[in-house]
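Please find below my notes on this model, set out as numbered points. They follow the chain's packing, its helices and its charged pairs.

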Amino acid sequence: IFIHHNHNLEKNGLYALLHEMGHVLQSDTDNYFKTIDEDIEPTKFKFHQYLNEIDAWYKGLLFANELGIKVNIKDWIKVQNESLLTYSKKLYLESK
């Protein structure tokens, strides 16, 4: 699991780590976007990639709950939305 250097465990790094764990917990169905040819259908690819990211955040939160890791939901949503914004911008720019 790779965590970007802008994250640290004292601030948002734990949430980023849990999100990456959400990716580990995903199935092939959750990774449907990887079967889409990005060159042929770039908007569809980016849309399903965005859905994949949402799912990873969801699975990461479930994982935290299963382990009894306390998550401040307001902070979680803030970090999640900041992360998802990068994917939604790509999707928006692609549709132009």
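**Notes on the predicted model**

1. Val71 and its contacts. Setting aside neighbours within four places in sequence, Val71 is in contact with Tyr15, Leu18, Leu61, Ala64 and Trp76. The model is a predicted one, and the points below should be read as describing that prediction.

2. The core around Val71. Val71 belongs to the largest nonpolar core, which has 9 residues. The other members are Tyr15, Leu18, Trp57, Leu61, Ala64, Trp76, Val79 and Leu84. Two or more residues of this core come from each of α1, α2 and α3 (73-95). In soluble globular proteins, nonpolar side chains tend to be buried together.

3. Helix α1. This helix covers residues 13-24, 12 residues in total. From first C-alpha to last it reaches 17 Å, close to the 16 Å expected at 1.5 Å a residue. Its buried residues are Gly13, Tyr15, Ala16, Leu18, His19 and Gly22. Of these, Tyr15 and Leu18 are listed in the core. An α-helix has 3.6 residues a turn, so residues three or four places apart point the same way.

4. Helix α2. The helix runs over residues 42-67. Its 26 residues should span 38 Å at 1.5 Å a residue, and the end C-alpha atoms are 37 Å apart, which agrees. Buried positions in α2 include nonpolar residues such as Phe45, Trp57, Leu61 and Ala64. Charged and polar residues are also buried in α2, among them Lys46, Gln49, Asn52, Glu53, Asp55 and Lys59. After the helix comes Gly68, whose phi is positive, near 75°.

5. A nonpolar patch at the surface. Which residues make the nonpolar surface patch of about 230 Å²? They are Phe47, Leu51 and Ile54. Phe47 is found in helix α2, and counts as partly exposed because its relative accessibility is 38%.

6. Salt bridges. The structure holds 4 salt bridges, and three of them are described here and in the next two points. Glu38 pairs with Lys46, with the closest N and O atoms 3.0 Å apart. Lys46 is buried, with a relative accessible area of 13%, whereas Glu38 counts as partly exposed at 36% relative accessibility. Side chains of opposite charge can pair when their charged atoms come close.

7. The Lys59 to Asp30 bridge. Lys59 forms a salt bridge with Asp30, the closest N and O atoms being 3.3 Å apart. Lys59 lies in helix α2 and Asp30 in the loop between α1 and α2, so this pair ties together parts that are 29 residues apart in sequence. Lys59 is buried at a relative accessible area of 18%, while Asp30 counts as partly exposed at 22%. Both values should be read against the 20% cut-off for burial.

8. Asp55 and the network. Asp55 also forms a salt bridge with Lys59, with the closest N and O atoms 2.9 Å apart. Asp55 and Lys59 both lie in helix α2, 4 residues apart, about one turn of the helix. Salt bridges with shared partners join Asp30, Asp55 and Lys59 into one network. Asp55 is buried, with a relative accessible area of 17%. Not counting residues up to four places away in sequence, Asp55 touches Gln26 and Asp30.

9. Asn52 against the loop. Is Asn52, a residue of helix α2, buried or exposed? Asn52 is buried, with a relative accessible area of 3%. Apart from residues up to four places away in sequence, Asn52 touches His23, Gln26, Asp30, Asn31 and Phe33. Gln26 and Asp30 are also touched by Asp55.

10. Distances from Asn52. The C-alpha atoms of Asn52 and Tyr32 are separated by 8.0 Å, with their positions 20 residues apart along the chain. For Thr29 and Asn52, 23 residues apart along the chain, the C-alpha separation is 9.6 Å. Thr29 lies in the loop between α1 and α2, and counts as exposed at 66% relative accessibility.

Note on methods: Residues are numbered from 1 along each chain as its sequence is written. This is a predicted model: local features need pLDDT of at least 70, side-chain atom pairs count only at pLDDT 80 or more; totals for chains, interfaces and linings use all residues. Side-chain values use heavy atoms; hydrogens and water are left out. The expected span of a helix is 1.5 Å times one less than its number of residues. Buried means under 20% relative accessible area, exposed over 50%, partly exposed in between (1.4 Å probe, protein chains only). Patches are made of residues with over 30% relative accessible area and no salt bridge: like charges are joined within 9 Å, nonpolar side chains (Val, Leu, Ile, Met, Phe, Trp, Tyr) within 5 Å. Accessible areas come from the Shrake-Rupley method with a 1.4 Å probe; for residues, only the protein chains shown count as cover. A salt bridge is a side-chain nitrogen of Lys or Arg within 4 Å of a carboxyl oxygen of Asp or Glu. A nonpolar core is a set of buried Ala, Val, Leu, Ile, Met, Phe, Trp, Tyr and Cys residues joined through side-chain atoms within 4.5 Å. Contact means heavy atoms within 4.5 Å.
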